[in-house]
Each structure stands twice: as C-alpha cells, then as structure tokens.
Amino acid sequence: MLRMFSFAIIAAIAMLWGPAAAVAGPNDYVFEPVKAQIKQGDDAVVAVRLVHKKNRKPVTDAKIILTRIDMSPDAMGEMTSPLTALPSPEPGVYAFKTDLSMSGRWLLSIAAMVPGERQAVVGKITLRAAR
C-alpha cells in the first residue's frame, strides 16, 4: 500500500513539473568543428559551432569559459598552443586564433556556459593540421 502511495505521489509531482522537467541540460548541446582540417602554421583559425541537439539551432549567446588545444591524439599532450578568441564569423560559431606548429591531430577542449543552464557544456574535438 505504501509503495502504491509513493508511486502516486511521484506521478503527481511529475505531472505538476510537466514542462519544467523538460528543461535542457548540458548533454543537449554539442560542439562541432566548422572545418575538421586546418592549415598548419601561425595564425591558424579554429572554429567550432555550438548547437542544440534537438532542434539543430545554433547557440549564439554562450560564454566560453575554458579552451585548450594540444596534440594528445598523437600522444604529445605536452605540445600545447595558446588560443585567442576572435569575433564570431556567424551566429553560433566560436573562433580562435592559434599556432598549429606541427602537422597532425590536435585536440580542442572547450567549455561554455549556456544561458539558463546550471552546468557547463563541454566538448572535445579532434582537428587535423596539414600543410
């Protein structure tokens, strides 16, 4: 009897929350590379798009809180390069200038706060630098 009563309370709460229970979370967003291959060298531009997975709309007002680029996909995680934020070339695209000193695979780690979300959206994108 107590079990049925508990289930009824949980069901009632879920019905009352209705739309609030459908609030997006950090897993509802994804960072995607604008280009997976980038020209190696000084002043390389790395750009990623942040989109809402369900409706594929770009997220234009996220605040980037962490960036790092390194060669960990090629077992050289200590090979890092600084990233400098650039103006957005289009809505939902976040661009950075960096120095991709070697050809090979580079890992961009990025985190952003999306308005209305409590947790950061985190992405890890492997890019290829080529001559």
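Mentor: Start with a definition. A residue is buried under 20% relative accessible area, exposed over 50%, and partly exposed in between. Keep one caveat in mind: this is a predicted model.

Trainee: Then how does Glu-32 count at 22% relative accessibility, and why?

Mentor: Glu-32 counts as partly exposed, because its 22% relative accessibility falls between the two cut-offs.

Trainee: Which residue forms a salt bridge with Glu-32?

Mentor: The general idea comes before the case. Side chains of opposite charge can pair when their charged atoms come close. Here, Glu-32 pairs with Arg-56, and the closest N and O atoms are 2.7 Å apart. The pair links distant parts of the chain. Glu-32 sits in strand β1, and Arg-56 lies in the loop between β3 and β4, 24 residues apart. Arg-56 is also partly exposed, at 45% relative accessibility.

Trainee: How many salt bridges does the structure hold?

Mentor: It holds 5. Take Lys-97 and Asp-43 as another case: their closest N and O atoms are 3.7 Å apart. Lys-97 belongs to strand β7 and Asp-43 to strand β3, so the pair ties together parts that are 54 residues apart in sequence.

Trainee: Is Asp-43 buried or exposed?

Mentor: Asp-43 counts as exposed, at 54% relative accessibility. Lys-97 is partly exposed, with a relative accessible area of 35%.

Trainee: Let me turn to the strands. How do I read the pairing in the sheet that holds β3 and β7?

Mentor: Strands of a sheet pair through backbone hydrogen bonds, either parallel or antiparallel. In this case, the sheet is open and has 4 strands in the order β1-β3-β7-β6, with antiparallel pairing. Look at the ends of that order. Strands β1 (29–33) and β6 (84–86) stand at the edges with a single partner strand each, so one side of each has no neighbour in the sheet. From one strand to the next, the twist averages 35 degrees.

Trainee: How many bridges join β3 to β7?

Mentor: There are 7 bridges between β3 (residues 41–52) and β7 (residues 93–100), and the two strands run antiparallel. Use one pair as a landmark: Arg-49 has Val-93 in β7 as its bridge partner.

Trainee: What is the strand order in the open sheet of 5 strands?

Mentor: The order is β2-β9-β8-β4-β5, and the pairing is mixed. Its edges are β2 (37–39) and β5 (76–81), each with a single partner strand, so each has one side without a neighbour in the sheet. Neighbouring strands here are turned by 40 degrees against each other on average, direction ignored.

Trainee: In which sense do β4 and β8 pair?

Mentor: They pair in the antiparallel sense, over 7 bridges. For a landmark, find Arg-68, which stands opposite Ser-109 in β8.

Trainee: Asp-70 is found in β4. Is Asp-70 buried or exposed?

Mentor: Asp-70 is buried, with a relative accessible area of 5%.

Trainee: What does the Asp-70 side chain pair with?

Mentor: Two partners to find. Asp-70 forms a salt bridge with Arg-68, the closest N and O atoms being 2.8 Å apart. The Asp-70 side chain also makes a polar contact with the side chain of Ser-72, at 2.6 Å. Arg-68 itself is partly exposed, with a relative accessible area of 38%.

Trainee: Which residues does Asp-70 contact beyond its neighbours within four places in sequence?

Mentor: Gly-77, Met-79, Thr-80, Arg-105, Trp-106 and Leu-107. Follow the last of these. Leu-107 lies in strand β8 and is buried, with a relative accessible area of 13%. Neighbours within four places aside, Leu-107 contacts Arg-68, Ile-69, Asp-70, Ser-72, Pro-73, Lys-124, Ile-125 and Thr-126. Its C-alpha atom is 9.3 Å from that of Asp-74, which is 33 residues away along the chain.

Trainee: Last topic, the core. Which residues have the most contacts inside the largest nonpolar core?

Mentor: Phe-31 and Leu-50, in a core of 24 residues. The elements that give two or more residues to this core are β1, β3, β4, β7, β8 (104–113) and β9 (121–130).

Trainee: What does Phe-31 touch, not counting residues up to four places away in sequence?

Mentor: Its contacts include Val-48, Arg-49 and Leu-50. Phe-31 also touches Ile-64, Ile-110 and Ala-112. Finish the list with Val-121, Val-122, Gly-123 and Ile-125.

Methods:
Residues are numbered from 1 along each chain as its sequence is written. This is a predicted model: local features need pLDDT of at least 70, side-chain atom pairs count only at pLDDT 80 or more; totals for chains, interfaces and linings use all residues. Side-chain values use heavy atoms; hydrogens and water are left out. Two strands pair if DSSP finds at least two bridges between them. Axes are lines fitted to C-alpha atoms, for helices over the stretch in contact, and angles run from 0 to 180 degrees between N-to-C directions. Buried means under 20% relative accessible area, exposed over 50%, partly exposed in between (1.4 Å probe, protein chains only). A polar contact is a pair of N or O atoms within 3.5 Å; within protein, one must be able to donate a hydrogen and the other to accept it, and residues adjacent in sequence count only if both atoms are side-chain atoms. Contact means heavy atoms within 4.5 Å. A nonpolar core is a set of buried Ala, Val, Leu, Ile, Met, Phe, Trp, Tyr and Cys residues joined through side-chain atoms within 4.5 Å. A salt bridge is a side-chain nitrogen of Lys or Arg within 4 Å of a carboxyl oxygen of Asp or Glu.
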